[in-house]
Amino acid sequence: VTESTDSVWKTLNKLNKNPVEGFSAGLIDDDDIYKWEVVIIGPQDTLFEGGFFKAYLTFPYDYPLRPPKMKFITEIWHPNVAKNGDVCISILHEPGEDKFGYEKPEERWLPIHTVETIMISVISMLADPNSDSPANVDAAKEWREDPNGEFKRKVARCVRKSQEMAFD
């Protein structure tokens, strides 16, 4: 058992013993500790409230030195989620300096981060998008220019679809 595998197992066992409000996590396949499925419950008092957003977390073999990748499987319309589902937030960016100068090193991945800190950051991101460095430029534009118009309609559609898919 590698240190990384041990670290991922400990994280999963801890989450199973002490679930964190707002999301659930488990293995996609019992034979692969590095691939998880998480379900994020749309945060209360946000446009995403009532949604069940499924995502995959894929851990690198050198976790926790490097961050996992996160990809929504459920369709989600958000400035910080690429149209293919990839989540783009600082905490999931490789450690070190940002070559573009947008992020401080301490905002990026650090080995002290956990699945809980990632999920809390993602839930916070749903509630408060960062449209300054968007992964989905169209969603960011709608969020900035008309958050209660087209943006809200698209999010509402995603919430409805997520509710229908949650029980498949």
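Which residue caps the N-terminal end of α3? The close-ups below come from a predicted model, and the first one holds the answer.

**View 1. Asparagine 136 sits as a cap on helix α3.** Look at the N-terminal end of α3, where asparagine 136 does the capping. One of its side-chain oxygens lies 3.2 Å from the backbone nitrogen of aspartate 138.

**View 2. Helix α3 has a buried side.** This helix covers residues 137-145, and its buried residues are Ala139, Ala140 and Glu142. Seen down the axis of α3, these buried residues fall within an arc of 165 degrees, so they line one face of the helix. Here's a handy rule to keep in mind: an α-helix has 3.6 residues a turn, so residues three or four places apart point the same way. What do the buried residues of α3 pack against? Their partner is α4, residues 150-166.

**View 3. Now for the face of α3 turned away from the buried side.** Here you'll find Val137 and Glu145, and both are exposed.

**View 4. Two cysteines, and no disulfide.** A disulfide is a covalent bond between the sulfur atoms of two cysteines. How many turn up when the whole structure is searched? Zero. Cysteine 88 isn't in one: its nearest cysteine sulfur belongs to cysteine 158 and is 18 Å away. To count as a disulfide, the two sulfurs would have to be within 2.5 Å, so this pair doesn't qualify. Is each cysteine buried or exposed? Cysteine 88 is partly exposed, with a relative accessible area of 26%, while cysteine 158 is buried, at 1%.

Methods
Residues numbered from 1 in each chain as written. Predicted model: local features only at pLDDT ≥ 70, side-chain atom pairs only at ≥ 80, totals over all residues. Heavy atoms only, no water. Buried < 20%, exposed > 50% of the residue type's maximum accessible area, 1.4 Å probe, protein only. Helix = DSSP H or I, 4+ residues; strand = E, 2+ residues; numbered from the N terminus. Arc of directions from axis to C-beta. Contact = heavy atoms within 4.5 Å. Polar contact = N/O pair within 3.5 Å; in protein donor to acceptor, adjacent residues only side chain to side chain.
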